[in-house]
Structure formats: structure tokens, C-alpha cells
Amino acid sequence: MGKIAFVTGITGQDGSYLAEFLLSKGYEVYGLVRRLSVPNTRNIEHILDKITLLDGDLTDQGSLIAALTVAQPDEIYNLAAQSFVQTSFKQPVLTAEVSGVGVVRLLEAMRIVCPDARFYQASTSELFGLVKEVPQTENTPFHPRSPYGFAKLMGYWATVNYRESYGFHASNGILFNHESPRRGIEFVTRKITDGVARIKYGLANEIILGNLDAKRDWGYAPEYVEAMWLMLQQEKPDDYVIATGETHTIREFVELAFEYAGIDNWEKYVKTDQKFYRPAEVHVLCGDSTKAHRVLGWKPKVTFKELVRIMVEADLERYGRIMQS
Ligand code: NAP
Ligand code: GDD
């Protein structure tokens, strides 16, 4: 019999790719979804008949216990979060409830219902924040720079503590930024590729951004979800940095995106506005995933340039279809 997986955040970028990946491995997949006034299943529309959705919310303890009781999973992937850093400054308490205390709620539900399951926590390079060294490894000290960052710090330590206190098979994936055509439109990469496609089709004449000098280590999301799965296949739980080891500025991303769309003079179209700057910035992220390569055999393949091309082409194609209809 195939294994059973329970995925929170299944409607998001990573959750949808992970669900596809687990189905390809023969898993029975359960996904936690919260009630929204307008359902948001766009990313999983194509697999809805192959997965089971269970109602619940990371802010509601009982719903997590009920969902795990139905699913009885072998593996739990906690990908749900208020994941947008900018919003976390505006809604810090909600972010702490979902992305911090929510992890504790899910671990408690697991302790009550299925303590022998394996647990993955979606930790983040935002833990490094004001970085103490470049590149960042599993041993680099943390210094989060946003409510999102300090909420995720709680999730990280909750995972380590349930491992140490109760012998849980619980692992943190410290994932650096990873993108795809399914990336939410408010994140900078997708905002750029969506904006470039609009400009190409004459639907817009500018993109308004914030800090173009920040640097990120950007990888390709479908490859990163495989790393999550690999962590739970190990005999012992542990924490791993997942990254490309390359860092690029937002400006470089913009330049390449315009180039791939065949639009000259990107400076003509890109404006900046203080409202997209953050109260505290994470200036540079660059990860060293040597441990993941050594232990998990994981290595990224899609390069920065290929990633930009994939995202630009997907948005051009999408607007092309819209314009034809
Ligand atoms: P995403 O696209 O923003 O997806 C977030 C998911 O969380 C959505 O399915 C959302 O559901 C769900 N969610 C939000 N609040 C919830 C709540 N109160 N209860 C239950 N579900 C809730 O994020 P992503 O990019 O796939 O990232 C997945 C995880 O990895 C997140 O935890 C993120 O913080 C973390 N992470 C991401 C990156 C990255 O670069 N992508 C890097 C490191 C870590 P709705 O559809 O209902 O909104
Ligand atoms: N969103 C956004 N919008 N960011 C902008 C803009 C803009 O108009 N202009 C410049 N930026 C800069 C931000 O200041 C930041 O330095 C960088 O672009 C990346 O911002 P985001 O794409 O919003 O991602 P993030 O790095 O803050 O957070 C993402 O990666 C984390 C992992 O490091 C999210 O996916 C988090 O959930 C994840 O943990």
C-alpha cells in the first residue's frame, strides 16, 4: 500500500507542486484547506479528483486534530503560512498566530493523533535576516528582520523541541527563495514577470517596485519540494539548508526579464516607490546547501537565467491566451 501524506498549504505554490510530486510517488494525499469567501483552488484544479481536501485552519486547534484523525498520515508537510513578508509588518499578530503558533498547534495535534508520523516544517532563509555570514549554512546564527521572520523562528524551534522532547521525526527545511509560474503575484519575481508581460501586450506601461538592490538566492520551486520529501525519507530527522548558492539583485532579475520579453530600455518602464520598501530589509541571502547535497543527494539544476525565462514565458503565454479570447 502507498503511504499517506497530509499537506497544509496545498493551494499555495509549494503545496501544489508537492501534491503532484507525492501523487507521482504513489502517495494518498490529503490537503488542509481553510474556508475562503471565494475558493482558491487554481493551483490544484488539475489534481482535485486525485486528492482529498479537509477543512481546517492553522489558527483552529480542533480542526487540526479532526483533520489528522481522518487522514492518519505517515508524513505531515506543514507548508501553510501567512508567507508574505510585507504583509507581516501590517498584520504581525495574525502572522505570529498562523506562521508561529500554528506550527505548535499542528505539532500538538500530531502528538495527540499520530506521534509516529514524520513531520516537515517549512522554515526559511528569512531566519538569517541580518546575516552574520555569507553564505548561510545550518550553523549560521539567526537574526530575523520581520514579524514573518520571528514567527517562523518559533516554528523552527518548536520543530526542534518536539524532536528533542518527544523523539518526533521532525525536520526543518531552511529553504531559500524559490519561484515558479505559480508564485503569488505580490512576490517580486512574479510581479516583475507579470508586469513585463502586461507591458509587452500594451496592457500597462510601468512596473512600480521597491528596493532594487536587495539580493536573493532564487531557485525553482518544483525542485525544492523534492528536497522536502527527501528529508522525510531519512532514518534520522535533521535540519537542512536548501539553496542554489548564487545570489542576484532584484535589478538583475528585472533586466533579464525585459531582455527575454524582447523589450529594450527597461529603465523607461520601471519606477520605484517607498511604499514597497520594508521597515527593515533583508539585504542579502545566499545559501550553502552542501549538507543537503551530501546527505540527501539533492542539488538544484535550473539556473537563475532559466528560472527567469520560465517565468517570463509562462506569463507571456498566459496574457497571449487572454488577448486571443
Ligand atoms: P504560498 O503560496 O503563500 O502558500 C501559503 C499557503 O498557506 C496557502 O495554501 C494558504 O491557503 C495557506 N494558509 C495561509 N493561512 C492559513 C491558515 N491560517 N490556515 C491554513 N492554511 C493557511 O506559500 P509558498 O510559497 O507555497 O510557501 C510554502 C511555505 O514555505 C510557507 O510556509 C512559506 O512561508 C515557506 N517558505 C517559502 C519560501 C519561498 O520562497 N516560496 C521560502 C522559504 C519558506 P490559501 O490558499 O487559503 O491562502
Ligand atoms: N514583494 C516585493 N514587491 N518585493 C520587492 C519589491 C516589490 O515591489 N521591490 C523590491 N522588492 C524586494 C523586497 O524588498 C525583498 O528584498 C525582495 O524584493 C524579495 O521580496 P519578496 O519577493 O516579497 O520575497 P521575500 O524574500 O521577502 O520572501 C520570500 O522568500 C522567503 C525566503 O527567503 C517569501 O516567499 C517568504 O515566504 C520566504 O520565507
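User: I've got this model open and I'm looking at two helices. How are H8 and H10 oriented to each other: parallel, perpendicular or oblique?

Analyst: One thing up front: this is a predicted model. The general idea is to compare the directions of the two axes; angles under 35 degrees count as roughly parallel, and 65 to 115 as roughly perpendicular. Here H8 and H10 (residues 304–324) pack at about 55°, with 9 Å between their axes. H8 and H10 are therefore oblique to each other. Their crossing is right-handed.

User: Which residues make the contact between H8 and H10?

Analyst: For a contact, look for heavy atoms within 4.5 Å. On the H8 side you'll find Glu252, Phe253, Leu256, Ala257 and Tyr260, and on the H10 side Phe304, Lys305, Val308, Arg309, Met311 and Val312. Sorted by class, that contact of H8 with H10 comes to 8 nonpolar, no polar and 3 charged residues.

User: H8 also packs on H6. What is the angle between H6 and H8?

Analyst: H6 (residues 188–200) meets H8 (residues 250–260) at about 30°, and the axes are 10 Å apart. That makes H6 roughly parallel to H8. The crossing of H6 past H8 is right-handed. From H6, the contact uses Val188, Thr189, Ile192, Thr193, Val196 and Ile199; H8 supplies Ile250, Phe253, Val254, Ala257 and Phe258. The class count for H6 with H8 is 9 nonpolar, 2 polar and no charged residues. If you're clicking through H8, note that Phe253 and Ala257 are in the list for H6, and Phe253 and Ala257 turn up in the H10 list too.

User: Let me try another pair. How do H2 and H4 pack, and which residues meet?

Analyst: Same routine: angle, then contacts. H2 (residues 61–71) and H4 (residues 92–113) pack at about 45°, their axes 9 Å apart. H2 and H4 are therefore oblique to each other. H2 crosses H4 in a right-handed way. Gln61, Leu64, Ile65, Leu68 and Thr69 of H2 meet Arg105, Leu106, Glu108, Ala109, Met110, Ile112 and Val113 of H4. By class, the contact of H2 with H4 holds 8 nonpolar, 2 polar and 2 charged residues.

User: On to the ligands. Which residues come closest to ligand 1?

Analyst: Start with the neighbours, then pick out the polar pairs. Ligand 1 has 25 residues around it, the closest being Thr11, Arg34, Asn40, Ser83 and Tyr148. An oxygen of ligand 1 sits 2.5 Å from a polar side-chain atom of Thr11. Side-chain N or O atoms of Ser83 and of Tyr148 are each 2.6 Å from an oxygen of the ligand.

User: And which residues come nearest to ligand 2?

Analyst: Of 24 surrounding residues, the nearest are Ser83, Thr124, Ser125, Tyr148 and Arg278. A side-chain N or O atom of Tyr148 is 2.5 Å from an oxygen of ligand 2, and Arg278 likewise has a side-chain N or O atom 2.5 Å from a ligand oxygen. Glu186 uses its backbone: a polar atom there is 3.0 Å from a nitrogen of ligand 2.

User: Last one, the backbone. Where is the cis peptide bond?

Analyst: For this you read omega. The bond from Val134 to Pro135 is cis, with omega near 0°. Pro135 is in the loop between strand E5 (118–124) and helix H5 (147–166). While you're checking torsions, look at Gln72, a non-glycine residue with positive phi, near 45°. Gln72 is in the loop between H2 and strand E4 (75–78).

Notes
Residues are numbered from 1 along each chain as its sequence is written. Chains are lettered from A and ligands numbered from 1 in the order in which they are written. This is a predicted model: local features need pLDDT of at least 70, side-chain atom pairs count only at pLDDT 80 or more; totals for chains, interfaces and linings use all residues. Side-chain values use heavy atoms; hydrogens and water are left out. Axes are lines fitted to C-alpha atoms, for helices over the stretch in contact, and angles run from 0 to 180 degrees between N-to-C directions. Helices (H or I, at least four residues) and strands (E, at least two) are DSSP runs, numbered from the N terminus. Angles under 35 degrees count as roughly parallel, over 145 as roughly antiparallel, 65 to 115 as roughly perpendicular and the rest as oblique. A crossing is left-handed if the near helix is turned anticlockwise from the far one by less than a right angle, and right-handed if clockwise. Ala, Val, Leu, Ile, Met, Phe, Trp, Tyr, Cys and Pro count as nonpolar, Asp, Glu, Lys and Arg as charged, and the others, Gly among them, as polar. A residue is near a molecule or strand if one of its heavy atoms lies within 4 Å of it. A polar contact is a pair of N or O atoms within 3.5 Å; within protein, one must be able to donate a hydrogen and the other to accept it, and residues adjacent in sequence count only if both atoms are side-chain atoms.
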